[in-house]
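Me: Could you take a close look at one single spot in this structure and walk me through it? I'm in my first year, so please explain the terms as you go.

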Amino acid sequence: MSEPLKVTGMVLSAVPAGEYDKRIVLLTKERGKITAFARGARKTNSLLLAAATPFAFGVFTVYEGRNAYTLVQADISDYFRNVREDVIAACYACYFMELAEYYTRENLDASQMLNLLYVTLRTLPKQEPDNELIRCIFEMKAMVINGEYPYEAAEDEGLQASTRYALSYVIHAPMQKLYQFTLQPEIFREFRRVQDYYNSIAIDRKFKSLEILRQMTETIRNTGITAMPENGADKT
């Protein structure tokens, strides 16, 4: 058996595997996106029960196998409970995790994407700036990290000066200062149109979590539901 490996990361998704196990996707600083099996993680007395759930962030001890890893221990520093307990925040977070999974690969540096995901989930519960602005910024910064964002977009003279400034800010801002601004409605609409355009030409798939987000947002407007069940973000 290989030597145990400790990786810092976040659980992006978790699905049942067999009768008692889970198959999780981890975004890690050291190994990029990896798949790991958590044996017995669906048992109520399992030490991996809480760790093998989406949003769990910490240090994971794994063994490397031929096609996947085996999770044997986890030291979780943040479960993002504030996100999990807010249905809208959880829907946004699930979309961000699916987008991060789309952009990342195994054995490629994922430290920036992991940092972006962590900072974004820490921002979500505050709901300031607006969640839709957070979504737009996340999409844009993910493209920048992946080397796909056209920097010349921030120099388009056809855009308002405030929009160009906002685009330039997101491109160059460090992660810890990424969400420290708001936009006037008319500027945000233009900012959103720019990002929607680049999404349409750079992303070649639809995200189930984004469709759920749209549906849930509409449901919230109609019903006022604000709480999520304890395990609502898990796919079990």
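Reply: Here's a walk around Asp78, followed by a look at the nonpolar cores. This is a predicted model, where local features need pLDDT of at least 70 and side-chain atom pairs count only at pLDDT 80 or more, while totals for chains, interfaces and linings use all residues. Residues are numbered from 1 along each chain as its sequence is written, and side-chain values use heavy atoms, leaving out hydrogens and water.

Okay, Asp78 sits in strand E5, residues 69–78 (strands are DSSP runs of at least two E residues, helices are runs of at least four H or I, and both are numbered from the N terminus). Asp78 counts as buried because its relative accessibility is 12% (buried means under 20%, exposed over 50%, partly exposed in between, with a 1.4 Å probe and protein chains only).

What does its side chain reach? A polar atom there lies 2.8 Å from the backbone nitrogen of Phe80. The side chains of Asp78 and Arg122 also share a polar contact of 3.0 Å (that's a pair of N or O atoms within 3.5 Å; within protein, one must be able to donate a hydrogen and the other to accept it, and residues adjacent in sequence count only if both atoms are side-chain atoms). Skipping neighbours within four places in sequence, Asp78 is in contact (heavy atoms within 4.5 Å) with Phe55, Ala56, Phe57, Tyr118 and Arg122.

Now the cores. The largest nonpolar core has 60 residues, and Leu117, Tyr149 and Phe191 touch the most other members (such a core is a set of buried Ala, Val, Leu, Ile, Met, Phe, Trp, Tyr and Cys residues joined through side-chain atoms within 4.5 Å). Helix H2 gives the most to this core, with 13 residues.
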